[in-house]
Structure formats: C-alpha cells, structure tokens
Amino acid sequence: MLAQTGPLYGEAITKPQHDVPVAVIGGLPIAVMDRAQTAELMVDAALARRDSAWRPLLFTSANGQVLSMCARDARVRDLFLAADLIQADGMPLVFVSRLFHQTPLPERVATTDLFHDVALVAQQRGASVYLLGAAKAVVNQAMRRVRELYPGLKIAGHGCGYLRREGDEDRVIAEINQARPDILWLGLGAPTEQEFAIRHRDRLRGVGLIKTSGGLFDFVSGKNPRAPVWMQRAGLEWAYRIYLEPRRLAGRYLITNPHALFLLLTRTRGVEMVPMIRSVHAP
C-alpha cells in the first residue's frame, strides 16, 4: 500500500524538490522527519507560495488520541488523510517505529516544540505568521509572549478561536486574507481545526501553509505548563495532563490509550519514500 497523505499529486510546475519518507504507524501515514527538517520544510513551502494563487498546504499531527479517533470514525480519518503532511506528535509513535522500522522516526515532532523551531527559521527568513485559536485572553497573551521571545518575527495577526456566532468564520477568513500570513497556526482542537482548514482552505488567499495546533496557545501563553522533560521523553505527557485536569481528561485517556496501543501494534507498516510534497512550487 502506498503511504501518502496529501492531495498534491497533480502536475508540478517545477522539478520535485521534497520527497518525504513516510511510515504507516497505527494506521496513518506519518512523515519520517525530525523537528529541524520539518521547520525548514514549513518555511520553504510557505514562502514558495507567497503572492501565488495556490491554496495553502495543510500540515497536521497525530498522537494516540488521533489514531483512536481515526480508527473509530471514517469521517475523521478522511480529514487527516486530506492533509499534505502528518507529523508524529506522540512518543508512542516513535517507540513503535523503532520496533517495526529499519529507519524509525528520528524524534517526536511535538507542535508545542515545533512552533519555536519554525519561529526561529521564520524570523531569519522574513516569513510571517498568524495565530488563530484559544480564548481571547489566552491568544492575546500568547501573541505578547511570542513578541518577547522572537522580536524579529513578523506576526501578521491573531484571533480568538471561539467562532460560534453566525458570521464569525467569514469575518476571521476576511481578516486572515487581509493579513496574508505565510503560516497560519490554527489551534481549534481536533477534529474541529481539520474541518475548518479543509472547509476554508480554498478561500484563504495569500496563506502559504496551515498548521493545525491543538492546544498550542495554552502552552505558549503560559496558561498550561509542559510536563517535565523526563515525562515527555518517556511518552508520559498524557499522565501529566491528567494530573492537571483529571475531570476533563481521565476518561478520555482511559478509553483512547489502550485502543491506540492496539492500533500501534497491529496497524504499523514499513517505510516508503513518497513524493508527499512533490514540489514546494506545486499548486
């Protein structure tokens, strides 16, 4: 079975530049790339689409919860398979790839860490970003924190992710189109953010790349602390999150973790080199 995620298989305008090795892990095709490679690819791809009429690329991430959701709901699985790239935002995916693959995942590409990798590359190369998601106070604080950490980064805009009233989505699409960011960080939670991206990606003008981001802004703002590094490396960040929010998360992880483990052990296959991004210059 050819492991590919994205719809970018039409004619490329230029010679292919980005062949990405992909491993099927837990039933989803996961890019075999480290954080540094992913950050460079994101900025390269976004800048190549600047001032073009091409729709934005869509990068997303998978962890155990996502694997479980995709296995239980074909509609959610289709949303993830519609993305151009799926990253491994979970250490269990890395551990299993080491068991099954000669070329395992080099590391976990956690969105909370990747954001900072991309910010460093983006400010060096003049790429702009837009932050959309979380409550108004949280995303405002995240924006202030990003300005402090990366004073050279171009922040094209930011907005609250609670789009519940009629016309809210049209309003925010118009604001993003006016700002024309190279990279849109979209933190609405899965699968809402995937639905939003796929529903509106043809309406977004001037955006080079959309990166779904889950609860990114809660961490960037300082609202939620990260787990200790040893827990992150051991694949136990979920346990730390239960400790912080037991009522909201305990039931979820008790259900999804055993299912995700089953999927990791039964729906993991080998690595193939696939033209996931045939060219950063392809529409």
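**Exercise 1.** With the side chain of which residue does the side chain of R108 make a polar contact? Then describe the surroundings of R108.

*Solution.* The model is predicted.

Step 1. Locate the residue: R108 lies in the loop that runs between α4 (91-100) and α5 (111-125).

Step 2. Find the polar partner. The side chains of R108 and E237 form a polar contact at 2.7 Å.

Step 3. List the contacts, leaving out residues up to four places away in sequence. R108 then touches R35, A88, D89, G90, M91, V94, R226, Q232 and E237.

**Exercise 2.** Decide whether R108 is buried or exposed.

*Solution.* Step 1. Take the relative accessibility of R108, which is 16%.

Step 2. Apply the cut-off: buried means under 20%. R108 therefore counts as buried.

**Exercise 3.** Work out the strand order of the open sheet and name its edge strands.

*Solution.* Step 1. The sheet has six strands, ordered β4-β3-β8-β7-β5-β6, with parallel pairing.

Step 2. Look for strands that pair on one side only: these are β4 (85-88) and β6 (154-159), the edge strands.

Step 3. Add the twist. On average, neighbouring strands of this sheet are turned by 20° against each other, direction ignored.

**Exercise 4.** Examine the pairing of β3 with β4, then find what α5 touches on the sheet.

*Solution.* Step 1. β3 (residues 57-62) pairs with β4 in the parallel sense, over four bridges.

Step 2. Within this pairing, S61 stands opposite Q87 in β4.

Step 3. Helix α5 packs on the sheet and touches β3, β4, β5 (128-133), β7 (183-187) and β8 (209-212). The direction of α5 makes about 160° with that of β7.

Terms used
Residues are numbered from 1 along each chain as its sequence is written. This is a predicted model: local features need pLDDT of at least 70, side-chain atom pairs count only at pLDDT 80 or more; totals for chains, interfaces and linings use all residues. Side-chain values use heavy atoms; hydrogens and water are left out. Helices (H or I, at least four residues) and strands (E, at least two) are DSSP runs, numbered from the N terminus. Buried means under 20% relative accessible area, exposed over 50%, partly exposed in between (1.4 Å probe, protein chains only). A polar contact is a pair of N or O atoms within 3.5 Å; within protein, one must be able to donate a hydrogen and the other to accept it, and residues adjacent in sequence count only if both atoms are side-chain atoms. Contact means heavy atoms within 4.5 Å. Two strands pair if DSSP finds at least two bridges between them. Axes are lines fitted to C-alpha atoms, for helices over the stretch in contact, and angles run from 0 to 180 degrees between N-to-C directions.
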